[in-house]
Amino acid sequence: MQRARRGVVSLGLLFLLLLFLLHGFAAAQTAAISRVGLVTDVGKVDDRTFNESAYKGMMRAVKEFGLKSAFIETQQPTDYDKNIEQFAAAGYDVIITVGFMLGDATKKMAQKYPQVRFTIV
């Protein structure tokens, strides 16, 4: 039962990410997406939480759309801003943050880097 629920969550997150990416491709005024970065909440990309679901969704989109990607596994909440900014400063087109705890940091970085597309799971 729990495995099925995780599968549904993974598919849901993948669907949202794909919709976001497709919307970006369809918009005439936007540049093509080539690099996607993922910042986890405290935890790893294989921790059986939203971190893992978001990572799997990103990796599927990377494969299907031929994107380059990277991820940062946050060690402590005080690293949120720093982790997000690493991708923004490096010129990533899309930055995905995972978890409501990253809300303030994501908003702050989105205001600082308006040319970057941000999404939060």
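The exercises below concern side-chain contacts and one helix in a predicted model.

**Exercise 1.** Classify the ring pair formed by tyrosine 55 and phenylalanine 71 as stacked, tilted or edge-to-face.

*Solution.*
1. The structure contains 2 aromatic pairs. In the pair of tyrosine 55 and phenylalanine 71, the ring centres are 5.2 Å apart and the planes stand at 75 degrees.
2. Planes over 60 degrees apart count as edge-to-face, so the pair of tyrosine 55 and phenylalanine 71 is edge-to-face.
3. Tyrosine 55 belongs to helix 2 (residues 50-65) and phenylalanine 71 to strand 2 (residues 68-72), so the contact ties together parts 16 residues apart in sequence.
4. Tyrosine 55 has 21% relative accessibility and counts as partly exposed; phenylalanine 71, at 36%, also counts as partly exposed.

**Exercise 2.** Determine where the buried residues of helix 3 (residues 80-89) sit around its axis, and what covers them.

*Solution.*
1. The buried residues of helix 3 are Tyr80, Asn83, Ile84, Phe87 and Ala88.
2. Their arc around the axis is only 135 degrees, so they lie on the same side of helix 3.
3. The spacing fits a general rule: an α-helix has 3.6 residues a turn, so residues three or four places apart point the same way.
4. The cover over these residues includes strand 1 (35-39), strand 2, strand 3 (94-97), helix 4 (103-112) and strand 4 (117-120).
5. After helix 3 comes glycine 91, with a positive phi near 85 degrees.

**Exercise 3.** For three salt bridges, those of glutamate 73 with lysine 44, glutamate 64 with arginine 60 and aspartate 81 with lysine 108, state what parts of the chain each one joins.

*Solution.*
1. The whole structure has 6 salt bridges.
2. Glutamate 73 and lysine 44 meet at 3.8 Å, N to O. The bridge links distant parts of the chain, 29 residues apart: glutamate 73 is in the loop between strand 2 and helix 3, and lysine 44 in the loop between strand 1 and helix 2.
3. Glutamate 64 and arginine 60 have their closest N and O atoms 2.8 Å apart. Both are in helix 2, and because they are 4 residues apart, about one helical turn separates them.
4. For aspartate 81 and lysine 108 the closest N and O atoms are 2.9 Å apart. Aspartate 81 lies in helix 3 and lysine 108 in helix 4, so this bridge ties together parts 27 residues apart in sequence.
5. Aspartate 81 is partly exposed at 27% relative accessible area, and lysine 108 is partly exposed at 45%.

**Exercise 4.** Identify which residue lies over the face of tyrosine 92, and at what distance from the ring centre.

*Solution.* The residue is arginine 35, at 4.4 Å from the ring centre.

Terms used
Residues numbered from 1 in each chain as written. Predicted model: local features only at pLDDT ≥ 70, side-chain atom pairs only at ≥ 80, totals over all residues. Heavy atoms only, no water. Phe/Tyr/Trp six-rings, centres within 6.5 Å; stacked < 30°, edge-to-face > 60°. Helix = DSSP H or I, 4+ residues; strand = E, 2+ residues; numbered from the N terminus. Buried < 20%, exposed > 50% of the residue type's maximum accessible area, 1.4 Å probe, protein only. Lys NZ or Arg CZ within 6 Å of the ring centre and 35° of its normal. Arc of directions from axis to C-beta. Contact = heavy atoms within 4.5 Å. Salt bridge = Lys/Arg side-chain N within 4 Å of Asp/Glu carboxyl O.
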